[in-house]
Each structure stands twice: as C-alpha cells, then as structure tokens.
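Work through the exercises below with the model open beside you, and try each task before reading its solution.

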Amino acid sequence: MKNSCRRGALLLLCFLLLTSCVHKTIIDEVQIISVLGFDKTDNGYHGISMFADYKKSELGDNFLLEADGKRARIILSKMSDASSRPISIAKLKVMIVGERFAREGINQFSETICIDPKVSSNVYMVISEAPMIDIFTMIQARDPEHLENLLTQTMENGNFPTGNMHYYLKNYFSKGQDSSLPIIDVGPQQRVSFSGYGIFKRDQLKMKINYVESFLFKLMLGDHIYGVYPADIMKGGAKKEIVFHCMSGGLKQKYYAKDHVRYVVRVKGFFQDYPENMFTSDNQMLIQELEHNLEQQLDKLVRSFQKAKLDPIGFGNFVRQHQRDWNADTFYEQVYPNMKVDIEVKVDMQETDQSGKNSEGI
Amino acid sequence: MTNQVIEPISEKMKNLDELICFFKKSSDYHHFSPIHKEDEIEISYYRTLVNQETLNQYVIPVFQYVEGKHPQLEDLMRHLPFNDMELTTDLATIEKKITGGFIMIRLLKNRSKVLMVNVRDNKSGYRQSNETDNEFSVIGPKIGFVENLDTNIGLIRHKLTDSRAVFKEITIGNMSKTRVCLLYLEGITNPEYVNTAIQRLESFSLDVVFDSSLVDQIISDNGNSPFPQFLSTERVDRVTFAVINGQVAILADGSPYVFTGPSSLNDFFISPEDYYMPWVVGSFFRIIRLLGVVFSLFASAMYVALMTYHFEVIPDGLIGPLISARAFVPFTPLLEVIFLEITIEVLREAGARLPTKIGSTLGVVGGIVIGQAAVEAALTSNILLIIVALSALTSFTTPIFKMSNTVRLLRFPIILAAACWGGLGILIMFILILGHLMKLESLGSPYLAPFYPTRPKYWADTIIRPSYRWTWKRNGTIRPIQDVRYVPKSQENPDHEK
C-alpha cells in the first residue's frame with residue numbers, strides 16, 4: 001500500500017515535470033493569423049499578414065501586419081513585435097506568394113510554414129499577380145474567412161483543380177510530377193479573382209496557363225472533374241460558342257511504351273446557352289464537335305508543357321509505374337519532350353438545358 | 001483493549017438481578033409483576049421495542065389465566081401463542097434478546113431461568129411508502145425496498161418464487177446487531193462468490209451498521225477506488241435481475257438499499273427500463289447514456305485543453321464565437337471552468353440537502369439566474385456555461401447514483417490534467433483511469449468484464465440491449481453454474497430450428 005502510494009506520487013511528479021514542456025497559447029491571448037503573404041522586394045522580402053480580432057464581434061475585424069526581412073521567421077517575429085499580442089500561424093488558411101518571389105523560388109519560406117506541426121497541410125497556397133498590398137486591402141474589407149471560402153468554393157464548383165500545400169509538397173518532393181498553384185489577381189468590383197494557374201519547376205514559377213486552360217488541366221489531372229467550358233463550334237462556316245457544363249468524369253491512362261501513353265478522358269455533363277439556330281436536336285453534332293475541340297485543346301496544352309519541359313500532369317509518375325529503371329533526369333531530358341500522348345475525349349450527355357429547346361416544335 | 005469495547009455488558013454481570021438492575025437505568029425499561037400476588041411472576045422488557053397491543057392481547061391474559069395455579073415456565077410456554085420463545089439461563093442470550101425486542105418472564109421460585117418471548121414490534125417507525133423515488137422509471141414496477149429487512153426479503157420472494165433462492169443471515173455490528181442477509185440462487189450462483197462474500201462479511205466488525213453502503217464499502221475489493229464495486233439499488237426488479245444472472249445480493253436491516261455483486265462497469269449504466277422497452281429503443285437510450293458519460297467526463301476538460309493549448313483544432317466557424325464570448329473574461333480557461341464546475345456542484349449539493357420543494361426552486365434560481373448573471377458579469381463565457389451545464393446534466397443520466405457521483409468527481413482530475421498538459425493530459429488521465437479499471441475487481445471478478453479480459457462471446461448485453469431472443473444465456477464472465485436462463489421461442493419449436 002505504502003509502496004504503491006510512493007510509486008503513484010513519483011509518477012505524478014514525473015508528469016508534473018512535463019508541464020514545463022508545453023507552451024501555453026490561450027486562444028484569446030494570441031493573434032490568429034489566417035492569411036500570410038510574402039513577396040520579394042529589392043533588398044529582401046516583404047511579408048503581410050492578416051488576423052481577425054474577434055473581441056468586438058463574433059464576425060471579427062481584420063487587421064494587417066507588415067514587416068520586412070530576409071527570413072520567414074524574422075518577418076513573423078517582426079510582425080509579432082508590432083502587435084499587442086503574440087502572433088500564431090497555427091490556424092493559417094491561405095499563404096499568398098508574390099509572382100516575383102515565385103519566379104525566384106519559394107522553398108525557403110514554404111518550408112518554414114510546412115515544417116511547423118501546428119500548421120495544417122490544407123493551407124491553400126496561391127500566387128498573386130497583383131501587388132500583395134492590393135490583395136490584402138481587398139480581403140481585409142471582407143469577412144476573415146473570405147479568401148479561404150473563395151478558394152474552397154472555386155476548387156469544388158469552378159474550373160480550378162484542387163491544390164493546397166499538401167499537393168504542392170507532394171509534387172515538390174516527387175520526381176515524376178511538377179507542382180502547380182492557382183494564380184489570383186484583382187478582379188472587377190475590387191474582388192479577388194482567379195486568373196489562371198501557375199506551373200512550377202521545383203519551387204520556381206515557370207509558366208502560367210489561363211482560365212480555360214485550367215479546366216483542361218483539371219481534366220488531365222483526372223480528379224474531381226467539374227467545371228464550365230466554353231467550346232468553339234463550327235457550324236455553317238461560322239464559329240460559335242456554346243457552354244459545356246461538366247458535372248463529373250473520369251480519366252483512364254494506358255501505357256504503350258516509355259514514350260507513348262494514352263489518356264482517355266470521359267466527361268459527363270450538358271450544354272448550356274445554345275447559340276442561335278442550335279437546338280437540342282443538334283446534340284449529336286455538338287458532342288462530336290466538342291470531343292474534337294477538347295482533344296485538340298488538350299493536345300495543345302500537353303504540347304506546351306512538353307515544350308517547356310514541365311510535367312504538372314504527372315506523366316513521369318505514370319511512366320515510372322510501368323518502368324523499372326526509370327530515371328527522372330533522363331526521362332525529362334530525352335524522353336518527355338518528344339513523348340507521344342494520345343488523347344481521347346468521350347462526352348456523355350447527362351441532362352438537357354432549357355435554352356436548347358426547339359421553339360418550332362412547340 | 002479492543003475486546004473491552006465489543007464485550008457485551010452481561011460478561012461483567014454476576015447474576016441476572018444485577019443485569020436487570022443495569023437495564024433499569026433506562027427509563028423505557030419496564031419491570032413489573034402482572035399478577036397481584038407480587039412475587040410469583042415478573043416480566044420485563046423495553047417498552048419502546050415491543051408491540052404493546054400484542055403484549056396486552058396475548059401475553060397478559062395468559063398470566064391472568066394461570067393466576068394462582070403456580071405455573072412453571074414450561075406451562076406458560078404452552079399457553080403463550082408465540083413461536084419464537086426460548087428458555088434460557090445464559091446472561092449473554094438474555095441481554096441480546098431483551099435488546100432485540102423480547103420480553104423476559106421470570107418466576108420467583110426459579111430466579112436464574114427465564115422465558116424469552118418475541119413480541120418485537122416490526123412495523124413501528126417504518127415508512128409505508130415504498131416507491132422507487134431515487135431510481136424512478138416510467139415503465140415497469142415502482143415498488144422499492146424499505147428499511148425493514150423482512151419486508152425486503154418478502155418483496156424479493158414475491159418476485160422470485162423459487163426455492164433455490166437462499167437467504168443467509170449474518171449479524172453485524174456489536175451495538176446495532178444488524179441482520180445482514182446474503183441472497184443467492186443455489187445451483188446457479190457460483191459458490192465461489194457466495195463463500196467470498198460470507199467470508200468478507202464475517203471478517204470485519206462495526207459498531208452500528210447505519211446503512212448497507214457501509215458494508216458495501218468495507219467488503220469491496222479496493223476501498224480506495226472512486227468506483228463503486230457493488231451495484232446498490234432500491235429497485236426490487238434490479239436485484240432480482242442481478243440474482244438470476246448469477247450474482248449475489250446483500251441486504252441489511254434498516255437500509256432500503258440492497259447491493260449486488262460481482263458487478264462490472266457496464267452494469268452501472270444499465271437501467272431496468274432498457275428491458276421494458278422494445279430492444280431498439282432500449283439500446284438507443286443505453287447508447288445515449290454511455291455517450292453522456294463520455295461527454296460528462298471529457299467535455300469541460302476538452303474546453304480547457306483546446307482553449308489553452310490547441311486552438312488550431314477548433315473549427316473556423318467556432319473560433320469567432322469562442323473568442324468573443326471570452327473577450328471580457330479575465331480568467332484563464334482553467335479558472336473559468338473550475339469556477340463553474342464548483343458552482344454546479346454546490347448547487348447540486350444544496351439541492352440535495354434542502355427539502356424537495358425548496359430544492360427545485362433553488363435549481364431554477366441557481367441554474368438560470370446565477371448562470372446568466374455570471375456570464376453578464378464576465379466571470380465565464382456563455383459557451384462554457386452550456387458545456388458545463390450539459391456535462392452536469394449528462395452525469396445525471398447514469399442510473400446508479402454512486403456511479404454518477406464517481407463520474408462527476410473524475411471530471412476534476414481530468415480538467416486539471418488538461419490544464420497542465422492539454423490533450424496529452426486528457427490522454428494520461430484516461431489511461432490512468434483505464435489502468436485502474438483493468439486492475440479493479442468486484443468480489444474477485446474483473447470489473448471491466450467482458451471487455452477486459454476480452455470475451456466477445458458475452459458482449460451481447462453490454463452496449464446495446466439485444467432482443468430477448470438472444471439473451472437466454474447468462475453472462476459467462478461471472479461463471480454461473482447453470483448457463484441457460486430460459487428457452488427462447490425458436491428453440492422450443494423444432495420447426496424454427498432450420
């Protein structure tokens with residue numbers, strides 16, 4: 001009895017010693033940074049962060065902190081010095097990288113964020129074409145979760161492939177695929193808008209693709225296929241635009257040789273906003289046209305990637321699955337630029353839009 | 001020294017007269033001759049213990065009948081219409097019986113030999129109502145135990161009309177001489193538990209057994225554990241259920257609570273009502289109850305841990321309300337929680353000490369007024385108020401009062417651990433509690449059975465309450481001698497076999 005009491009006391013003492021190992025961060029005694037941005041200046045880096053102060057209202061008032069420095073932690077600690085409470089990046093939601101900085105290489109800053117165990121790997125990383133301060137003043141005027149919600153929403157319901165720090169790091173460390181991040185810009189009505197996608201080589205921004213190409217890129221990645229695609233249709237010698245609303249789809253890859261693969265994209269959806277003199281009765285023709293159009297566009301996109309020796313789609317990973325002695329350097333130097341990629345698109349009609357009804361039939 | 005205390009007073013007396021003189025010191029001790037001829041017969045008894053009506057109607061007339069006939073004690077014995085009578089000369093027996101409500105009849109011719117007649121008043125002072133106020137159920141019998149042992153045994157016998165039910169009586173308490181009864185089913189209950197229980201009951205001494213819970217605590221396997229190791233209840237159906245499943249029940253005179261064992265942790269979260277409702281509904285309520293316990297144990301501690309250390313795991317939508325609720329609270333989350341938890345405990349304690357009517361008013365006043373005022377005075381945040389109130393509420397869903405007290409007590413060390421080490425602290429406390437439970441035994445049977453030791457065969461009636469089709473076997477973890485409780489319908493009818 002006495003022995004067990006003593007043992008219990010000793011155990012408790014050991015646990016008590018552990019108390020000094022934890023750092024208290026009481027929720028209302030820290031500034032919880034939700035958006036963090038970095039850009040390159042002429043002599044170092046400039047960081048801006050946004051935190052929400054919930055003390056006055058549940059909705060939160062946004063405040064900005066700015067600091068200059070050469071390393072991420074220095075910038076963060078300078079921000080902390082400028083604030084009445086210490087800052088914490090534990091609940092970071094979005095990390096914005098300036099375009100100039102992205103072209104130079106973002107690794108040294110992204111590493112600071114990603115090795116912090118408290119930071120979630122769901123942090124969105126975006127590239128900003130506009131000056132950082134413009135973006136921040138825009139999101140400051142809105143609610144604290146605005147930018148995060150915008151990104152989530154667009155990736156789910158829009159033309160942009162899913163991308164966050166987890167995907168970025170996965171591609172950064174993998175040898176057979178290059179990372180890619182969304183690009184934001186100042187849009188109309190002083191709102192943040194997407195302008196395209198940035199393709200990276202390691203941690204350096206090398207290439208930008210536009211809004212429509214982002215959808216094509218999303219198709220080629222094969223996960224969560226959803227989006228709206230304006231297709232050019234040739235009818236009677238005139239070029240017309242029809243909107244294809246893609247609801248779901250799938251991707252099948254086939255390996256023929258180390259320099260010959262086949263990608264079959266199957267998309268399901270329906271047409272919207274039929275042009276004049278086009279009706280649902282023309283669907284068969286429209287599908288053929290769309291398939292042809294998509295195949296052409298995808299081919300063009302892949303070719304542009306090949307030309308730039310960039311592989312955001314992950315051909316390298318796919319070939320590597322089928323090849324025992326795959327080597328990243330030889331593959332990207334010799335095989336990839338001339339690789340034959342057959343692309344086939346199959347379109348399935350799911351619904352019919354009212355705009356295409358034949359008025360003569362009524 | 002110790003022997004002197006428990007030695008009966010009769011040991012020091014030389015003869016009966018001396019003992020009677022000692023008894024006479026008490027003003028309620030009556031010693032008189034019922035017949036005019038002074039020195040022939042004398043009777044003596046404690047007026048407060050015997051039934052006066054019986055005495056006047058059946059005992060005194062006998063004396064009048066034998067008046068002048070120079071009766072012997074044996075003659076009186078033949079005439080008195082009682083079955084519990086004894087001729088004795090032993091001072092210790094006399095003392096024990098007099099204090100137990102017997103009357104003593106003595107002839108002057110033979111002064112050392114006396115006749116003891118039991119005219120004890122069994123009903124006086126006992127309450128009439130035996131509703132199960134403290135373990136209420138909407139469906140099912142509402143009859144509960146009272147303070148009288150014989151009534152209680154009768155209640156069980158009414159329900160358990162089986163000759164295999166054996167009540168073994170032991171007297172405990174050198175001053176109260178309380179009758180303690182052990183109930184088991186011969187041929188079903190494992191004799192190991194019966195022997196262990198009897199051995200434990202016989203191996204301790206008390207002066208007064210105020211309630212069966214004293215016995216419960218003393219004979220429990222680990223007296224230092226916060227967990228009750230015997231299930232104590234005032235419901236007849238619950239005791240019967242335990243006994244038919246192969247447990248023993250211990251009743252004590254003067255206590256409306258009967259305790260049963262060996263119990264496992266799971267037994268404490270079972271309400272008899274589960275068995276009176278359709279099994280789907282019963283299982284649902286049982287799961288709600290179990291979730292309630294988990295919530296009650298960990299909710300406040302989680303609040304402390306999250307607010308103090310791990311705010312990053314709080315969902316985005318909750319961060320704003322949590323911070324703005326705490327905006328003007330000057331205390332750390334720990335102090336905030338401890339303050340509210342203690343307030344709730346004080347309210348509960350005050351409610352329990354006050355008469356029912358004032359108690360319920362106090363609950364309303366305390367719950368609403370103090371809670372609201374505390375939030376407005378910025379002593380606590382309103383989100384915490386909800387958490388603490390809910391966790392207090394959920395702790396009351398536990399059907400056994402002793403277990404719900406344990407749950408409320410264990411909250412505090414978990415909160416403190418959460419304040420010291422955050423989520424790790426909660427984990428440490430959980431592991432310590434789990435380790436303790438794994439080591440704990442009730443009458444030598446594992447407390448966490450059938451989960452530890454793991455016996456999936458007997459998991460049927462634990463977290464869910466299965467249909468009666470599946471519960472025809474007794475729980476094997478307490479090793480009943482006979483397995484089968486009843487024959488389910490499908491087995492009775494051979495057509496259903498295939």
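**Exercise 1. Find the bridge partner of Leu182(B) in strand 9 of chain B, and place the pair in its sheet.**

Solution. In this predicted model, begin at Leu182(B), whose bridge partner in strand 9 of chain B is Ile250(B). Next, look at the two strands as a pair: strand 7 (residues 178-185) and strand 9 (residues 248-252) of chain B run in the antiparallel sense and share four bridges, where two strands count as paired if DSSP finds at least two bridges between them. Helices (H or I, at least four residues) and strands (E, at least two) are DSSP runs, numbered from the N terminus. Helix 7 (residues 191-202) of chain B packs on the sheet and touches strand 6, strand 7 and strand 9 of chain B, its direction making about 170° with that of strand 7 of chain B. Here a contact requires the C-beta atoms of two residues, placed from the backbone, to lie within 7 Å, and angles, from 0 to 180 degrees, are taken between N-to-C directions of lines fitted to C-alpha atoms, for helices over the stretch in contact.

Widen the view to the whole sheet, which is open and has five strands of chain B in the order 6-7-9-10-8, with antiparallel pairing. Its edges are strand 6 (165-172) and strand 8 (231-233) of chain B, each of which pairs on one side only.

On numbering, residues count from 1 along each chain as its sequence is written, while chains are lettered from A and ligands numbered from 1 in the order in which they are written. Because the model is predicted, local features need pLDDT of at least 70 and side-chain atom pairs count only at pLDDT 80 or more, whereas totals for chains, interfaces and linings use all residues.

**Exercise 2. Decide whether Thr406(B) is buried or exposed, and name what it touches.**

Solution. First locate Thr406(B) in helix 16 of chain B. Then count its surroundings: Thr406(B) is buried because 20 other C-beta atoms lie within 10 Å, the cut-offs being 20 or more for buried, 12 or fewer for exposed and partly exposed in between. Finally, leaving out residues up to four places away in sequence, Thr406(B) touches Pro226(B), Phe227(B) and Pro228(B). The C-alpha atoms of Thr406(B) and Pro226(B) are separated by 5.9 Å, although the two residues are 180 positions apart along the chain.

**Exercise 3. Work out how helix 8 and helix 9 of chain A are oriented to each other.**

Solution. The axes of helix 8 (residues 211-221) and helix 9 (residues 283-307) of chain A come within 10 Å and cross at roughly 90°. The two helices are therefore roughly perpendicular, a class that covers 65 to 115 degrees, with angles under 35 roughly parallel, over 145 roughly antiparallel and the rest oblique. Among the residues making this contact are Phe217(A) of helix 8 and Leu301(A) of helix 9 of chain A.

**Exercise 4. Describe the side of chain B that touches chain A.**

Solution. Start with the contact itself, which takes 20 residues from chain B and 20 residues from chain A. Helix 11 (279-308), helix 12 (316-326) and helix 16 (401-421) of chain B each supply at least two residues of the side of chain B, and the largest share, eight residues, comes from helix 12 of chain B. To judge the prediction as a whole, note that the predictor gives the complex an ipTM of 0.82 and a pTM of 0.85.
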